[in-house]
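User: Please take a close look at one part of this model, the place where the two chains touch, and set it in the context of the chain on either side.

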Amino acid sequence: MRYRVTHTTTYEYTDQVGASYNEACLLPRSCPQQALLAARLEISPVETDFRVREDFFGNQVAYFSINKPHHEFSVTAISEVQVYPAPTQLNFSQGMAWENVREILEENMSPQNLDARQYVLDSPLISASNELSSYARDSFYPGRPLLEAVHDLMQRIFHDFTFDPEFTTLATPLSEVLEHRRGVCQDFAHLAIGCLRSQGLAARYVSGYIETLPPPGEEKMVGADASHAWFSVFIPEQGWMDFDPTNNQVPNDQHITVAWGRDYSDVTPLKGVIFGGKDHELSVSVDVQRLGE
Amino acid sequence: MKLHSTHTRPDLSYGLGESAYDEMLDSSGQVRPHWTTLMHALEELGSAELESRHQEAHKLLRENGVTYNVYGDPDGVNRPWQLDPLPLLISGEEWREMETGLLQRAELLNLILADLYGSRELIKKNLLPLELIYNHAGFLRACDQVKLPTSRQLVFYAADLARGPDQKMWVISDRTQAPSGAGYALENRMAVSRVLPQLFRDSQAYRLERFFQSIQAGLNTIASPRTEAPRIVVLTPGPFNETFFEHSYLASFLGYSLVQGNDLTVRDGYVWLKSLTGLQRIDVILRRVDDNYCDPLELLEDSCLGVPGLLEVARRGNISIANPLGSGVLENPGIQPFLPAIARHFLGQPLKLPTAATWWCGQQKELDYVLANLDNLVIKSIYRRPGDSSIFGSQLSKNELAEWRARIRANPKMYIGQEHVTFSTAPSVTSQGLDPRKILLRCFAVARHNGYEIMPGGLTRSAPEKGDMPITGQMGSISKDTWIIAAEPQYATANASQAQSVLSRSHHSNALPSRAADNIFWVGRYAERAEGSVRLLRATVKKLYINPEPDNSNYQACIHNLLRSITSLTGTWPGFFAEDTDALLRQPETELLSVTLDEERVGSLAHSLRRLVKAGYAARDLWSSDTWRVMDELENNLMQSQEDHDTALWQLQGNMDMLITTLSALSGLVMESMTRNDGWLFLDIGRRLERGLQLITIMRTAFSVKHEDPVETQLIESLLNASDNLICYRQQYRSYFELSSFLELLLLDENNPRSLIYQIMRLQEHVAKIPSENSDQRLSTAQRLTLEAGTMIRLVNLNNLLEVSEDGMREHLDQQLSRLYYLLSALSDAISTEHFRHGSAPQPL
């Protein structure tokens, strides 16, 4: 499936901003299930310095600064990607038991395996805890095939937790999400990752978009989409497999990947430091447009 | 055991302590050969003399403002540096071995650093476990692939050494982030060689100067090869940092500007210093800010100590930072057990310096060992946070041991266990004579283009009490100089031509950071404010206590006017202007004491002095040592006055006299020994501005309303006295005190350095000299303001000023002074906004 994604972030400040320094993780990366066709950033006011680099995790990160006074600042990322459908549906009840996966992760020194090991460790926003481990255990009974266990975990999160954008902010700790059973896609991804890591498995955070379809008979509204997040689990010899606990599905060709990392903090879409500005109002609009097969 | 059975005086006796090894005495109690010269000389000196030299060193360090700030210390910041004048001696023979070991270790750590932010071969080959490195908060993923243009990434390295059970010096820990102590070591050397000059000359100890030349050479080396004469700055977290003294000391010793994060800005892919003359490109940063705090964009977002965008500039190779961001990853004690294998891998050599045995709990066997032997191991976290200290298993109770076992088991990858090294002792000068105290030695290395160089000496710290050495992250405790005893005599700066070539490459005309100009301007203003306040206070106190005439209404009116002048001069409103002030005016002591001593009260004399010292300290690197000594005296004066709470007012006159002398010494030094550079310019602008504002305030308070002639006569006398113009007035006018002569002298006499016109003329000259970015010919705001003030005061008609209207007011005097007051205040604001632009704090988007 071919898509064009337009993602605009606008800040309006009450006071003048003298200078701003920013990093945007908005340009999609290429990966086995996705080819990047074109991507660019439009920045207003026009930036004074701009450079894109590949970060530690292989994501495309744009650095830019604005060194002239302004009251409003906006960044629009426009990208076109081709997403390939997933290979035929896997049989989750086959494959290696999760304990074997853990053992291989600990011992095997192959480059892929070594790279995956960093995603077993605690990360800035996700620390393994007894609570996470005990929530995970119901899915991870001895000898259960890895994918079956992960699939079960995803389903449980979907059923046990309520999607509630009012409840959490970026600063809400995982323990509160777990206690109150509420959150948004980012929280559910973090939660699943924490559960997997608590079992000694490698899991990473994926940021991107999902194509939403309008109710039957209605036109799709421009800008009504949102950025999205899900998680990915490592399977030795096979690589990474995505799961979307917010929608209770294994991503196929409607998920567009932008970046991945240990958690949200590694792939924050837009961060920055400003001088001046005082208060601000933030508006975000995302539009995922299907261009063709 | 006595030193020499026949010669030793009882007061210099020294015996072996409980430690297995003493640096001076061998196990049979004989003085080791490299200590004999020193000990003979000390015996000659005698213990009383040694103690007096000890005091002298202490005084010297205090006067030079050598401090070590301890967070949360009840003594507040600026704790004086503690120095034991008796150095630690190391024989040249042993040193050669240590030096070789340190050189190898610096090379090795450098290779590890380059690898961890490069190809990470060590992890791929399982020479370092991924979990040990990736779990360490000092491994900064944002710094991946960021490199200095030279082969050595680790520019500065320091190691803490202590003597292990095999009697060799062992490495206890490595410092690779922003190692401190080299400046203190130099200052210690300066103090010891001054108080024990003969001893030092006879000792044949290696000199330290060359090492600091190597720092300059090393920093020049890492600058981008595109730069002809690199501009180098020292980046400090600021005056509240524990080692701020060292930052300012190194900056002035090495000839670099001392800057804080806000003094720098990133533009167009480069780092710039906000200086008085505009933005100046910076090539190299000697960093004393921890790496996490250096860039709020990519590292800790709420840091106010860094420069947003700095890391991106480093990534492009447009700024070289020493040590590079991310180098704290090497301060992971869990790396220690893997070093021997890495040394074989990288260097094909065994590790030369022994290290305390260390077990990383991230491995099962090691974890089991640590848990089983916890009671005689040292427990450390792999990442040392500020304020963390090591845990000694032997000092823990059963319950505590169980708690620690649980903590380690829950997160084994985050902990190490380390063999408890017992340390050696060395003689320490105490009030009871010489005493064996445990010691820890910090050694320093710097990278030059052809290899590392080790400082031939170091910073020795000795335990303040008998018994174990407290190992904390902070460097408190007592320090010692460290002498490496050479076989032949040492001469200062053996290689002068080499030093010359080093200096010629670095940029010498250092721009004044605008923050420094700001501080120095306020030093000028507060010094003058303090002087004006104390002079007026003293004159008033004199009037109150010498020949008081409580029944004389003229005297009373004069006193009241002086008291009100104090309120308006210091701005301690409402003070003597409060409603219903009769009682206050009759009993002014409490209010006067408060205006003098209450540091919390904005405008009080103590407050001005505190602000003066604070601004002076923040610009510490710009003062000569003599000027600093005067500042130190001011601080002492201040602290003493804070101690006696029940002082009566009249008793303060002596202190006031002393304070005036000290403040005059400060202005004298500034006039006589400060180069007429931009710094001096701003200091004098501050001073002239403040003096002008004070003169106007006093004259308006005293003479805007016409008083009875006898009252005005008394007032004139007191005010002449307060402004140090009495003699001058008598010589010039030889007459009674009358207002017209008074105004002529204090307002309009261009030759009188205390007149208003004199201040305004100087301001006009100074303001024209302020460097400007704009080359256009138009006048700056500051120039326009001084031009108006200058014209106005020149056109003043004295008779006009003296006119009294029907309601008893001198309206002309009041109006004209009020306009001048406005102009000078506006000038102060204009200078602040135009020139002190280090500006607002960054905040996350």
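Analyst: What follows starts with the contact between the chains and then moves to the domains and to one sheet.

This is a predicted model, in which local features need pLDDT of at least 70 and side-chain atom pairs count only at pLDDT 80 or more, while totals for chains, interfaces and linings use all residues. Residues are numbered from 1 along each chain as its sequence is written, and chains are lettered from A and ligands numbered from 1 in the order in which they are written.

Between the chains, 20 residues of chain A are in contact with 25 residues of chain B (two residues are in contact if their C-beta atoms, placed from the backbone, lie within 7 Å). On the chain A side, two or more residues each come from β1 (2-27), β4 (60-66), α2 (111-117) and β12 (270-276) of chain A, where helices (H or I, at least four residues) and strands (E, at least two) are DSSP runs, numbered from the N terminus. The largest share of this side, six residues, is given by β12(A). By class, the side of chain A that touches chain B holds 10 nonpolar, six polar and four charged residues (Ala, Val, Leu, Ile, Met, Phe, Trp, Tyr, Cys and Pro count as nonpolar, Asp, Glu, Lys and Arg as charged, and the others, Gly among them, as polar).

β12(A) is also joined by three bridges to strand β22 (residues 842-844) of chain B, and the two run antiparallel; strands pair if DSSP finds at least two bridges between them. Within this pairing, F275(A) stands opposite P842(B).

Chain A is assigned domain 1 (2-84 + 268-292) and domain 2 (98-265), with bounds that come from an automatic or database domain assignment. The C-alpha centres of these two domains of chain A are 24 Å apart, and their contact takes 21 residues from domain 1 of chain A and 17 residues from domain 2 of chain A. On the domain 1 side, β1, β5 (70-83) and β13 (280-292) of chain A each supply at least two residues.

In chain B, the assignment gives domain 1 (357-420) and domain 2 (514-771 + 778-835), and 63 Å separate the C-alpha centres of these two domains of chain B.

Chain B also contains an open sheet of four strands, ordered β7-β6-β11-β12, with parallel pairing. Because β7 (257-259) and β12 (320-322) of chain B stand at the edges with a single partner strand each, one side of each is left without a neighbour in the sheet.
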